[in-house]
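I opened the file to see how the two chains are built and how they meet. These entries follow the order in which I looked things up.

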Number of protein chains: 2
Amino acid sequence: MRPDLPMTSIPTIAELTERVDAELHTVLDSRRMPLYRMMSYHLGWEDAQGEPGYPGARDRNHGVACLVACHGAGGDLDIAAPAAASVELTNGFSEVHDDVQGGNPQRFGRDAVWWTWGPAQAINAGDGMHALARLAIFRLEERGVPPETTFGAVQTLDEASLALCEGRFQDLEAQERIDLSVDAYMEMAARKTGALYACAMRLGAMVVGAEDPVVDAMRLCGASLGVAAQIRGDLSELWPEDDDAAPSPEVLNKKKLLPVVYAVEKANIHTKRRFGDIYFKRVLEPDDVTSLRQLLEEQGARDYCRGLVARRREEAAGALDAAGFSADGAAVVESFAGALLGD
Amino acid sequence: MRPDLPMTSIPTIAELTERVDAELHTVLDSRRMPLYRMMSYHLGWEDAQGEPGYPGARDRNHGVACLVACHGAGGDLDIAAPAAASVELTNGFSEVHDDVQGGNPQRFGRDAVWWTWGPAQAINAGDGMHALARLAIFRLEERGVPPETTFGAVQTLDEASLALCEGRFQDLEAQERIDLSVDAYMEMAARKTGALYACAMRLGAMVVGAEDPVVDAMRLCGASLGVAAQIRGDLSELWPEDDDAAPSPEVLNKKKLLPVVYAVEKANIHTKRRFGDIYFKRVLEPDDVTSLRQLLEEQGARDYCRGLVARRREEAAGALDAAGFSADGAAVVESFAGALLGD
């Protein structure tokens, strides 16, 4: 061993991403029907003509969350890899359907699946990924995971899939409401984003045979990080890192992002009228976005949301502390939290 | 026992339908979110306002197929009921998405889910039913089914769900092709309709501990009956039982029904031109449908398809014969085949 290396080497997020990707390949590569080409496209492996080498950036955060929990619990990544692929496919199914539902023409800087193949086939692509996620997780057995653990893993995944559907339902419903509260938003976020990250981290520890308190700590950690990621995403929609970026379609289409929900809820009648003046339009224009941002900052909505992200991240770390994690285990989770929440 | 009753009483299709329905209620009744109201609506329990008592006819053929196989294998219906509910929910998910994909405004004589709640929420309703189908099947364990059997049942369901997605993909793709062959149609039908009926009947026997040859006979029986049901459905679209019924939207929209696929494939150049004259239009008119029906009958397409339905039905009965079924077991399957294929 070279003396300049630490005793334990923590896998990097890039390495874990590659590991998830390799497992996804083993799930998909044997499948030759054109149905699976849409999945390969969505996963960023191919362009619409089926040619490899699409250069776009594409995270595997859900699968990585699973492997992070596995490593954190002292497990072998090979064992948890099928669960990681499964959670990633579940997230992919939800993304493909979200794009149809929201009419988003773009995903990861190129045409969304439905924009390329039409909404009807995109629904099939999502349904197929949903079914494939399940078949992927059964591969746990080949890695020596005991049947009762695999069984529990499949149920965990199914419960998370259903929670995800409930959250997506609430999210769409929220767009029709004029009185959305921060509480209702948080309930939606817990289902729409929290549940699948909670499932990912829970599975990562569960399948390598971690003790119940460790599995539960990972679940709590994932739930907190997931909600933090959703709020972080909402902040980025309103205040993109690149100051010169064009306002996002979600902002222009008046999506009920948490800063807006919070600011409208706490606004007095005078401020509510100012929001009304902006939101009166069917679609916002760039100038409206400037006014909106200013109003939100005045109301303390940006700071409030940043505070929530920080608090959820502390909660995530706290859950691991309480379960008595090793420094190495905590470090890999912390490194993932940084990648997920962008610091 | 009353002397006028036979020794063994064969459950009627109506009784089995009620049994599936009761199990579906136990899966859904505890769920209160509005997401589940769309499912209750699709299942025919409620109207769009959530009031009970919708009078429309609504079969439970997939669930019934499962219970038929269970009874045929000499099993207890209570044990197979969770599997029956699960297959029925899988079929429901597919129907809800099919209606969005095909833009069908009506289903079972009333507005389709997407027509009532919009396509975005209908996608969520279908996704939720897909996830719920899985959770429903885990209830097998509560009925005393051994874990390894439940495990096999879940995998059987997942494989059928994926085959269903593949079949729906092929069905949509077929609509874009001008050279669809009977072989390609049959491959699509085997996946789109055969796979889920095969799964239903296989599960019905498997979960009550039937021997492998019985389970396999039920699978073959379901696969044959499913394909027969699809062809029977195509015939009904073109030649409805009620002679005065308006032509179906599928016919007007030039859906590639098997009689059409067969007739076009076997037509000589002169007859192909006559089809071309009819199909030249974007949407057919009632007069075109009359010409189409006549041309199809001339080409022997109606008789050919009726022959296929009869042959598949014989195959289904043959599979049971080969496995040495009791007269009672064969009778209940035969009664189901009659209900499914409409005699």
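I began with helix α4 of chain A, residues 77–102, whose 26 residues reach 35 Å from the first C-alpha to the last, close to the 38 Å expected at 1.5 Å a residue. I keep in mind throughout that this is a predicted model.

I then looked for a bend in the same element, and found that α4(A) has a kink of about 25° centred on A:A83. For its surroundings I counted neighbours: 22 of the 26 residues of α4(A) are buried, so the helix is largely enclosed by the rest of the structure. Just after α4(A) comes A:G103, and I noted that its phi is positive, near 65°.

I repeated the look-up in the other chain. There α4(B) also has 26 residues and reaches 35 Å between its first and last C-alpha, close to the 38 Å expected at 1.5 Å a residue. The bend in α4(B) is about 25° and falls at B:A83. Of the 26 residues of α4(B), 22 are buried, so this helix is largely enclosed by the rest of the structure. The residue that follows α4(B) is B:G103, with a positive phi near 65°.

Within α4 of chain B I picked out B:D98. Is B:D98 buried or exposed? I count 20 C-beta neighbours inside 10 Å, so B:D98 is classed as buried, the cut-off being 20 or more. I also checked its distance to B:R168, which lies 70 residues away in sequence, and the C-alpha atoms of the two are 8.2 Å apart in space.

Next I turned to chain A as a whole. Its secondary structure comes to 15 helices and two strands. The radius of gyration of chain A is 21 Å, close to the 20 Å that the globule rule gives for 343 residues, so the chain is as compact as a globular protein of that length. Along the principal axes, the C-alpha trace of chain A spans about 65 × 50 × 40 Å. Buried residues account for 48% of the 343 residues in chain A. Taking the contacts in chain A between residues at least 6 apart in sequence, I find that 74% join residues at least 24 apart.

As a single probe in chain A I took A:E187, which sits in helix α8, residues 182–206. A:E187 has 15 C-beta neighbours inside 10 Å and therefore counts as partly exposed. From A:E187 to A:G329, 142 residues apart along the chain, the C-alpha separation is 29 Å.

I then went to the place where the chains meet. How many residues of chain B are in contact with chain A? I find 32 residues of chain B in contact with 31 residues of chain A. On the chain B side, α2 (34–42), α4 (77–102), α6 (119–137) and α7 (147–176) each supply at least two residues. The most comes from α7(B), with 14 residues. By class, the side of chain B that touches chain A has 17 nonpolar, eight polar and seven charged residues.

Last, I superposed the copies. Chain B can be laid on chain A with an RMSD of 0.0 Å by a turn of 180° and a shift of 0.0 Å along the axis. That is the relation of a two-fold axis. The same surface serves both copies, since 97% of the contact residues of chain B recur in chain A.

Terms used:
Residues are numbered from 1 along each chain as its sequence is written. Chains are lettered from A and ligands numbered from 1 in the order in which they are written. This is a predicted model: local features need pLDDT of at least 70, side-chain atom pairs count only at pLDDT 80 or more; totals for chains, interfaces and linings use all residues. Two residues are in contact if their C-beta atoms, placed from the backbone, lie within 7 Å. Helices (H or I, at least four residues) and strands (E, at least two) are DSSP runs, numbered from the N terminus. Ala, Val, Leu, Ile, Met, Phe, Trp, Tyr, Cys and Pro count as nonpolar, Asp, Glu, Lys and Arg as charged, and the others, Gly among them, as polar. Copies are superposed by least squares on the C-alpha atoms of residues with pLDDT of at least 70 in both. A residue is buried if 20 or more other C-beta atoms lie within 10 Å of its own, exposed if 12 or fewer, and partly exposed in between; C-beta atoms are placed from the backbone. The radius of gyration is taken over C-alpha atoms; the globule rule is 2.2 Å times the number of residues to the power 0.38. The expected span of a helix is 1.5 Å times one less than its number of residues. The bend at a residue is the angle between axes fitted to the seven residues ending there and the seven starting there.
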